[in-house]
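Hi,

Here is the structure I said I'd pass on. Have a look at it first, and my notes follow underneath.

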Amino acid sequence: MSIDLYWDNDEQTVLLCEFNGRWTWEELQTVLATVKRMSEERRQVFGAIVDVRNGLTLPGGSIFNREALTNFQKMLHMGQGGKGPVVILGMSGMIKTVFDAVKSVDKNAARDVHFAGTMPEAQRTIYSIMQRMNEATA
């Protein structure tokens, strides 16, 4: 599999999803289903860092087709059920174009999506958001 899923912290509240070169939509669906199952089982909201620094080559090669946009939209809803925040690390101009296209169709997909250029920046962003969420529910 070219999409790896790890915990980013010992408390298991933030997931790290690493895209490594070529991958398939089926692999993405498996990862998303795993995140959804975990969220439902634990009844908690997870934050996620989606690391695309090692390359994010869309299956089929085209960004602007229905399958690519639909699957990218699902990725932005990683916390489906919990609707957790997502920080995308290392997003290229091409992927930002896809993001903007999805955002124009589905405003909710972009609500909890943030961007970072470095891992420390991604971690600061996601942990700050998670802390604010926890304080709001306490």
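To start with a small one: which side chain does the side chain of Asp51 meet in a polar contact of 2.8 Å? The partner is Arg53. Bear in mind as you read that this is a predicted model.

Asp51 is a good place to begin looking around. The residue sits in strand S4, and with a relative accessible area of 3% it falls under the 20% cut-off, so it counts as buried. If you set aside the neighbours within four places in sequence, Asp51 touches Leu16, Cys17, Glu18, Phe19, Leu89 and Met119. One of those, Leu89, is also the bridge partner of Asp51 in S6.

Now the sheet. Strands like these pair through backbone hydrogen bonds, either parallel or antiparallel. Here there are five of them in an open sheet, ordered S1-S2-S4-S6-S7, and the pairing is mixed. S1 and S7 are the edge strands, each pairing on one side only. From one strand to the next, the twist averages 20°.

S6 (residues 86-89) is worth a closer look. Which of its residues are buried on each side? Val86 and Ile88 are buried on one side, and Val87 and Leu89 are buried on the other, so to speak a strand with both faces covered. 
S6 also has a partner on either hand. With S4 (residues 47-51), S6 pairs in the parallel sense over four bridges, and Ala48 is the residue that stands opposite Val86. With S7 (residues 113-116), S6 again runs parallel, joined by four bridges. In S7, Ala116 is the bridge partner of Leu89.

Two helices to find against the sheet:

- H1 packs on it, touching S1 and S2, and the direction of H1 makes about 20° with that of S1.
- H5 (residues 119-137) lies across S2, S4, S6 and S7, running at about 160° to S4.

Next, the nonpolar cores. The largest one has 16 residues, and those with the most contacts inside it are Ile3, Cys17, Phe19, Trp23, Leu28, Val50 and Ile88. S2, H1, S4 and S6 are the elements that give two or more residues to this core, and H1 gives the most, with four. There is also a second, separate core of ten residues, with Leu16, Leu89, Ala122 and Ile126 among them.

Last item: how many aromatic pairs does a search of the whole structure find? The answer is one. The pair is Trp7 with Phe46: the ring centres are 5.3 Å apart and the planes stand at 55°, so it counts as tilted. These two residues come from distant parts of the chain, 39 residues apart, with Trp7 in S1 (residues 3-7) and Phe46 in the loop between H1 (25-42) and S4. Their surroundings can be compared by accessibility too. Trp7 is partly exposed at 27% relative accessibility, whereas Phe46, with a relative accessible area of 5%, is buried.

If you want a short route through the model, start at Asp51 in S4, step across to Leu89 in S6, and go on from Leu89 to Ala116 in S7.

Cheers

Terms used. Residues are numbered from 1 along each chain as its sequence is written. This is a predicted model: local features need pLDDT of at least 70, side-chain atom pairs count only at pLDDT 80 or more; totals for chains, interfaces and linings use all residues. Side-chain values use heavy atoms; hydrogens and water are left out. Buried means under 20% relative accessible area, exposed over 50%, partly exposed in between (1.4 Å probe, protein chains only). Two strands pair if DSSP finds at least two bridges between them. Rings of Phe, Tyr and Trp (its six-membered ring) pair if their centres lie within 6.5 Å; planes under 30 degrees apart count as stacked, over 60 as edge-to-face and the rest as tilted. A nonpolar core is a set of buried Ala, Val, Leu, Ile, Met, Phe, Trp, Tyr and Cys residues joined through side-chain atoms within 4.5 Å. Axes are lines fitted to C-alpha atoms, for helices over the stretch in contact, and angles run from 0 to 180 degrees between N-to-C directions. Contact means heavy atoms within 4.5 Å. A polar contact is a pair of N or O atoms within 3.5 Å; within protein, one must be able to donate a hydrogen and the other to accept it, and residues adjacent in sequence count only if both atoms are side-chain atoms.
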